[in-house]
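Hello,

Here is the structure I promised to pass on to you. Please have a look at it first, and then read my notes underneath.

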Amino acid sequence: MTEIDPRELRNAFGAFMTGVTVVTAHDEDGQPIGFTANSFTSVSLDPPLVLVCLANTSSNYGPLSRARGFAVNVLAENQKDVSNTFARPVENRFAAVEWQAGPHGSPVFDGVSAWFDCSMFNTVEAGDHLILIGKVEAFENSTHPGLGYARGAYVTPAAEAEALSNSANLMVSAMIEYQGKILLVDNGAGRLVLPEAKVGKAGTTAALGRLIDASGTDAEPGFVYSVYEDEARETQHISFLCQASGEVASQGVFTELTASTLMDIADPAVCTMLERFAAESRMGNFGVYYGNQVSGKVRPMTSGR
C-alpha cells in the first residue's frame, strides 16, 4: 500500500458537501459547551438516532464523553459567524448566540434551520475521533435555508440565487483550478483573462457549463468564489471556483499565480481576486467576496472544526 498523505486525504474528504452544525452540551459543572462540526448524519428513524464525530484532541472531549446528552444545531445561511465562533478558541462562545435549554436539557440556538436535543445512546472510539450517537428526544424544524460547507468554503445557495435573480446584466467567469494553477486565456492583446461570458436567458448554470466546455478541460462546476458589481461597466460579476482533475485544456493554459503572471492580468478586479486565491490556497481555506470592483468584504472561512 502507498502511504496516504493526510492533507490530500482531508482535501478529498472536503469534496463532500455537508451542512454546518454546532454541537452543544453541559459539562459536569453545568456550564454550556459546544463546537462546530460538519461530521453529522442521521442514523436511524426507529429508534431516532443521529451521530457526530468529536476529535480526541478537542477540549470538549472529556465533558462530552461523559455527558448525558447533547444537541445538534443545524446552522442557517446567515449564521456563518456562529460557525466561526464555535470553531475557534473564543472565550464565552455562548455570548454570541441566543439560546435556551432544550426539552432534554442541552443548549439549542435561536434562528437555526433545525435542532435535535438528544440523550446519549452510545459512544464509539474510532481512530482519532469519538463517535457520539444520540437518541433524538426532541427536535424543531424551520424554513431557514441551511448553511453548507465544501472544499474549505461556506456554501449559501439560497442567498446566492437571490442575488443572481436581481442582476439584469450578469457576467460569469470560471476560475478553473488544478493543483494551485488557474486556467488563463490570452485576450488577444497580450493580457490574461479568465474564461468569461454574459449570462443569457438559460441562466448562470448554463453559461458556466458553456465556459467549461469551451475550455476543453474536465472541470466540474464549483462554488461561488466572488460576487461583485463593476459600476463602471454597469455589470454584476460572479466567479465560480471549479476543480479540474487534469492540466489538459484546449483553450488557455493552467498557470501558476506568480507576481509576474498577476501583472499580466487585464482586469484589476480579477487580479485582486487571483491574489486572494493564491494567498488562501497556501492556508487551505477559502472565502467568498461580496462588494464592487474596488472594495468589499470577504466572508472568512473556518480553519478547522
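Below is what I found, starting with the whole chain and then moving to two of its sheets.

Please keep in mind that this is a predicted model. The average pLDDT of the protein chain is 85, and 86% of the residues reach at least 70. The place to be careful is residues 301–305, where pLDDT stays under 50. For that stretch the model has 26 contacts beyond four places in sequence.

Now for the overall picture. The protein chain has 305 residues, and 46% of them are buried. Its secondary structure amounts to seven helices and 21 strands. If you take the contacts with a separation of 6 or more, 64% of them link residues 24 or more positions apart. The accessible surface is about 15,700 Å², with carbon and sulfur atoms contributing 52% of that.

A good place to begin browsing is the open sheet of seven strands. Following it across, you will meet the strands in the order 3-2-6-9-10-5-4, with antiparallel pairing. Strand 3 (32–37) and strand 4 (40–45) are the edge strands, each pairing on one side only. From one strand to the next, the twist averages 30 degrees.

At the strand 4 edge, strand 4 runs antiparallel to strand 5 (residues 48–55), and five bridges join the two. To find this pairing in the viewer, you could look for Thr41, whose bridge partner in strand 5 is Leu51. A helix also packs on this sheet: helix 3 (residues 80–87) touches strand 2 (21–26) and strand 3. The direction of helix 3 makes about 110 degrees with that of strand 3.

Then there is an open sheet of three strands, ordered 1-11-12 and also paired in the antiparallel sense. Here the edges are strand 1 (18–19) and strand 12 (153–155), each of which pairs on one side only. Strand 1 pairs with strand 11 (residues 148–150) over two bridges, again antiparallel. Which residue of strand 11 stands opposite Gly19? Another glycine does, namely Gly148.

As a reminder while you look at both sheets, strands of a sheet pair through backbone hydrogen bonds, either parallel or antiparallel. In the two sheets described here, the pairing is antiparallel.

Enjoy exploring, and do write back with any questions.

Best wishes

Technical notes:
Residues are numbered from 1 along each chain as its sequence is written. This is a predicted model: local features need pLDDT of at least 70, side-chain atom pairs count only at pLDDT 80 or more; totals for chains, interfaces and linings use all residues. Side-chain values use heavy atoms; hydrogens and water are left out. Two strands pair if DSSP finds at least two bridges between them. Helices (H or I, at least four residues) and strands (E, at least two) are DSSP runs, numbered from the N terminus. Axes are lines fitted to C-alpha atoms, for helices over the stretch in contact, and angles run from 0 to 180 degrees between N-to-C directions. Contact means heavy atoms within 4.5 Å. Buried means under 20% relative accessible area, exposed over 50%, partly exposed in between (1.4 Å probe, protein chains only). Accessible areas come from the Shrake-Rupley method with a 1.4 Å probe; for residues, only the protein chains shown count as cover. pLDDT is the predictor's confidence in each residue, from 0 to 100.
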